[in-house]
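The exercises below ask the reader to work from strand pairing to packing, with the structure at hand. Each task is followed by a solution that proceeds step by step.

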Amino acid sequence: MFKNRLFLLATLLAVSLSSTAAHLVGGEIFYECLGGDEYLITLKVYRDCYTIEGAPFDSPAYIAVYDDDGELVQNLPASFTGSEQLDVVLNDPCLQAPPDVCVEEAVYTVTATLPFLTGGYHIVYQRCCRNPTIVNLLNPDALGSTYYVQLPELALNSCNSSPSFNSFPPLALCTNEEFLFDHSATDVDGDLLVYSLCTPYHGGSQLTPAPNPPLAPPYNTVDWGGAYSGAYPIDANPALSIDAQTGELTGLPTAVGQYVVGVCVEEYRNGELISVNKRDFQFNVVSCESNLAAVIPIQE
């Protein structure tokens, strides 16, 4: 009887762990000042379409607000209003990506009243887990994501809005094909924006895939495998790089695989750092096929 119970417990645990794998592809979080201490918080989450054993998008998604001492101020339920499948667009129209590349986007918004507070606020959402097929991270299926942005005193005093990225990166990159992507962001306050490749945060676990509330900072970053790093996240020659002033992302991938990449945009005013938007996403580097059919002229 005891052995049977142990077997049942192990089976239920295995099923539970499998059902928590959301197969995250990426995400980001940012805020917009509406005036009168009101802030619109926007969370974007991306997941693999083909995650039959994975969990659906959170409904609701809980976004936590902490003070500078790590005390929970608010735990905001952001309603799920549906998701959208993104188009797979390649730089070269003559190439075609494999049919198994598919990503869905969910956009959550919630309004928070955040009066001035010494030390400002920390806004965070956490979720697990990533695709087990990711090649540039150690134990990727045990790693989640933390989407985090700070709302400091300077931002509160000036009704500041954080920068938000203009477009999502291409879902698929072709091996041995150079690509160029405009990874720029918009800042409605006109502050100086500086771009860089960076290391994404880890967050959530297989046992607690959707922490409620999300945990307080500080946050651990993901563990890179092999020779990979935040500055060298994919196999490429020339290496993946981003222009610090324009946000132009370039590189030439050389090996098929799924790679996690982090891009940060820092917001400065009069030389003082206000906020950082860290986008966490996944590049699918694939072997592309040509759409062109050979045309043989007929001799008359």
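Two strands are taken to pair if DSSP finds at least two bridges between them. The model is predicted, and its secondary structure comes to two helices and 19 strands.

**Exercise 1. Determine the strand order of the open four-stranded sheet, and explain which strands form its edges.**

Step 1. Following the pairings from one strand to the next gives the order β4-β3-β8-β9, with antiparallel pairing.

Step 2. Strands β4 (72–78) and β9 (144–151) each have a single partner strand, so one side of each is left without a neighbour in the sheet, and these two stand at the edges.

Step 3. From one strand to the next, the twist averages 20°.

Step 4. As a check on one pairing, β3 (residues 61–67) runs antiparallel to β4 and is joined to it by six bridges; within this pairing, Tyr66 has Leu72 of β4 as its bridge partner.

**Exercise 2. Describe how β17 is paired with β14 and with β18.**

Step 1. On the side of β14, the pairing with β17 is antiparallel and extends over seven bridges, with Tyr195 standing opposite Val265 in β17.

Step 2. The pairing of β17 with β18 is likewise in the antiparallel sense and extends over 13 bridges, and here Val263 has Arg279 of β18 as its bridge partner.

Step 3. The hairpin of β17 and β18 has two residues between the strands, and in it Asn270 takes a positive phi near 55°.

**Exercise 3. Locate the largest nonpolar core and assess the part that β17 plays in it.**

Step 1. The largest nonpolar core has 33 residues, and those with the most contacts inside it are Leu240, Leu249, Val261 and Phe283.

Step 2. Two or more residues each come from β12 (179–182), β14 (192–198), β17 (257–269) and β18 (272–286), and β17 gives the most, with five residues.

Step 3. Taking Val261 as an example, and leaving aside residues up to four places away in sequence, its contacts include Leu197, Pro233, Leu240 and Phe283.

Step 4. Another core, of 28 residues, lies apart from the one just described and has Ala78, Leu114, Tyr121 and Tyr125 among its members.

Step 5. Since buried means under 20% relative accessible area, one can now count along the strand: 11 of the 13 residues of β17 are buried, so β17 is largely enclosed by the rest of the structure.

**Exercise 4. Characterise the aromatic pair of Tyr46 and Phe168, and decide whether each residue is buried or exposed.**

Step 1. The structure holds 12 aromatic pairs; that of Tyr46 and Phe168 is stacked, with 3.9 Å centre to centre and 25° between the planes.

Step 2. This pair links distant parts of the chain, as Tyr46 lies in strand β2 (residues 38–48) and Phe168 in the loop between β10 (164–165) and β11, 122 residues apart.

Step 3. With a relative accessible area of 1%, Tyr46 is buried, and Phe168, at 17% relative accessibility, also counts as buried.

Step 4. For another geometry, consider Tyr201 and Tyr219, an edge-to-face pair with 5.9 Å centre to centre and 65° between the planes; both Tyr201 and Tyr219 are buried.

Step 5. Finally, ring pairs link Tyr46 and Phe168 with Phe179, Phe281 and Phe283 into a cluster, and Phe283 has already appeared among the residues with the most contacts inside the largest nonpolar core.

Technical notes: Residues numbered from 1 in each chain as written. Predicted model: local features only at pLDDT ≥ 70, side-chain atom pairs only at ≥ 80, totals over all residues. Heavy atoms only, no water. Axes fitted to C-alpha atoms, helices over the stretch in contact; angles between N-to-C directions. Core = buried A, V, L, I, M, F, W, Y, C linked by side-chain atoms within 4.5 Å. Buried < 20%, exposed > 50% of the residue type's maximum accessible area, 1.4 Å probe, protein only. Contact = heavy atoms within 4.5 Å. Phe/Tyr/Trp six-rings, centres within 6.5 Å; stacked < 30°, edge-to-face > 60°.
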